[in-house]
Amino acid sequence: MIPKCNLHTHTNFCDGKHSAEEMVLAAIDAGMETLGFSGHSGLPFSTTWAMKQERTKQYQREILRLKDAYKDRLHILLGIEQDLLTGIPDYPYDYVIGSVHCLQPEGGEVMVDHSEEVLLEGAKTYYGGDLYRLCKDYYQRMATVADVTRCDIVGHFDLVTKFNEGGRMFDEQDPRYLRVALEALDALLEKDVVFEINTGAMSRGYRKTPYPSPILLRRIAEKRGNVTITSDAHAKENLLYGFADAVHLARSSGLGCVWVMTRDGWKSRAL
Ligand SMILES: [Zn+2]
Ligand SMILES: [Zn+2]
C-alpha cells in the first residue's frame with residue numbers, strides 16, 4: 001500500500017519550481033488523497049529560500065483559495081515548514097513541520113543543507129574542523145524542535161547527513177555521531193510528534209535512501225514512534241517520489257503502519 005498523501009510540499013512561493021496550483025493539478029492527476037503545502041517560514045536573516053512576511057501572506061491566501069476551489073477533488077492543507085530559528089508560527093496553520101536548517105555557532109551561521117562546501121567550511125571555521133562537533137550542535141538543536149516550534153511533524157531528522165552518502169564525510173556508526181543522534185531522537189520520541197520518512201534528497205540526487213537512516217528508523221519503530229512518508233517535493237513530478245522505497249524501508253525497519261492526514265484528521269494505514 002503506497003499512501004497517497006504528502007504533507008511536505010514547496011512551491012514557487014519559496015524555493016519550489018512550480019506554482020501551488022500546478023502542484024494541485026499534478027496531485028489530482030496522480031490520484032492523491034491529500035496534499036499538504038509546507039512553505040519555508042521566514043528567517044531572521046535574508047535567504048534565497050525562505051518566505052518573507054508579505055510572501056507568506058500571499059502563500060496563505062493562495063493555498064486557502066485552492067483548498068476551496070478543489071475541495072471536491074483533493075484534500076488540501078495549509079501547513080508550514082517552520083525553522084527552529086523562527087520559533088512558534090504566528091498563524092493557525094493546519095499543521096507544522098519543525099526543521100533545523102541552520103546552525104548558529106558563536107558569531108556565525110552555517111547552513112546544514114546548502115552544499116558540502118558550506119558544511120565543511122562551517123566545520124572548519126566554527127568547530128575546529130570537527131564534523132562530529134558540528135553534528136552534536138545540530139542534534140542538540142534538533143532535540144528542542146518540538147518545544148520551540150510546537151510542530152506536529154519532525155522534518156528530515158538527520159538532515160546533517162545530506163552530503164554524507166556512503167559515509168564520505170563522517171561515520172554514522174561512530175559513537176560520536178550515533179550517541180548524539182539517538183539522544184535527540186529519544187527526546188523527541190517523548191513528545192507528541194510524527195517523524196517524516198523524507199525522500200527529498202533522493203529525488204534531488206543527494207542520497208539513495210530517505211531520512212532518517214535505517215538505524216534511526218529502527219529506533220523509532222522499537223519505541224513505537226509514528227511516521228508519515230513525505231517527498232519534500234520542490235517540483236510537481238516529485239510529489240510521490242520514492243514512496244515505494246520508503247514503504248519498503250518502513251516495513252523492514254519494523255514499522256507496522258504509517259500516518260496520513262485525511263479529512264477526518266490523522267489516520268494510521270497498515271503497511
Ligand atoms: Zn527542510
Ligand atoms: Zn522542505
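These exercises walk you through a predicted model of a protein, each with a worked solution.

**Exercise 1. Size and fold**

Work out how the radius of gyration of the protein fits with that of a compact globule of 271 residues.

*Solution.* Start with the expectation: for 271 residues, a compact globule would have a radius of gyration near 18 Å. Next, take the value for this protein, which is 18 Å, so the two agree. For another view of its extent, the C-alpha atoms fill a box of roughly 55 × 40 × 30 Å along the principal axes. Inside that box, the chain forms nine helices and eleven strands. Finally, look at the contacts between residues at least 6 apart in sequence: 69% of them join residues at least 24 apart.

**Exercise 2. The interior**

Find which residues touch the most other members of the largest nonpolar core.

*Solution.* Begin with burial in general: 46% of the 271 residues are buried. The largest nonpolar core has 75 residues, and V112 and Y138 touch the most other members. Now follow Y138 outward, setting aside neighbours within four places in sequence: its contacts are V100, L103, V112 and V160. V112 thus appears among the contacts of Y138. As background, nonpolar side chains tend to be buried together in soluble globular proteins.

**Exercise 3. The two sides of a helix**

Decide which residues of helix α2 are buried and which are exposed on its other side.

*Solution.* First, locate the helix: α2 covers residues 53-69, 17 residues in total. From first C-alpha to last it reaches 25 Å, close to the 24 Å expected at 1.5 Å a residue. Second, pick out the buried residues, which are T56, Y59, I63 and L66. These cover an arc of only 95° around the axis, and therefore sit on the same side of α2. The spacing makes sense, because an α-helix has 3.6 residues a turn and residues three or four places apart point the same way. Third, turn to the other side, where Q53, E54, K57, Q58, R61, L64 and D68 are exposed. Last, see what covers the buried residues: α1 (20-29), β2 (34-40) and β3 (75-83) are included.

**Exercise 4. Across the sheet**

Trace the order of the seven strands in the open sheet and name the edge strands.

*Solution.* Reading across, the order is β1-β2-β3-β4-β7-β8-β9, with parallel pairing. The edges are β1 (5-6) and β9, since each pairs on one side only. Moving in from β1, you reach β2 and β3, which pair in the parallel sense over seven bridges. One of the residue pairs here is F37 with its bridge partner L78 in β3. At the other end, five bridges join β8 (residues 194-198) to β9, again in parallel. Here V194 stands opposite N226 in β9. Although β9 is an edge strand, four of its five residues (226-230) are buried, so β9 is largely enclosed by the rest of the structure.

**Exercise 5. Two places to compare**

Is D174 buried or exposed, and how does V118 count?

*Solution.* Place D174 first: this residue lies in the loop between β7 (153-154) and α6 (175-189). D174 has 12 C-beta neighbours inside 10 Å, and 12 or fewer means exposed. Then take V118, which lies in helix α3 (residues 116-126). V118 has 15 other C-beta atoms within 10 Å, so this residue is partly exposed. To finish, check two distances between C-alpha atoms. V118 and P92 are 26 residues apart along the chain and separated by 34 Å. D174 and R251 are 77 residues apart in sequence and 25 Å apart in space.

Terms used:
Residues are numbered from 1 along each chain as its sequence is written. Chains are lettered from A and ligands numbered from 1 in the order in which they are written. This is a predicted model: local features need pLDDT of at least 70, side-chain atom pairs count only at pLDDT 80 or more; totals for chains, interfaces and linings use all residues. The radius of gyration is taken over C-alpha atoms; the globule rule is 2.2 Å times the number of residues to the power 0.38. A residue is buried if 20 or more other C-beta atoms lie within 10 Å of its own, exposed if 12 or fewer, and partly exposed in between; C-beta atoms are placed from the backbone. Two residues are in contact if their C-beta atoms, placed from the backbone, lie within 7 Å. A nonpolar core is a set of buried Ala, Val, Leu, Ile, Met, Phe, Trp, Tyr and Cys residues joined through C-beta atoms within 7 Å. The expected span of a helix is 1.5 Å times one less than its number of residues. The arc is that of the directions from the helix axis to the C-beta atoms. Two strands pair if DSSP finds at least two bridges between them.
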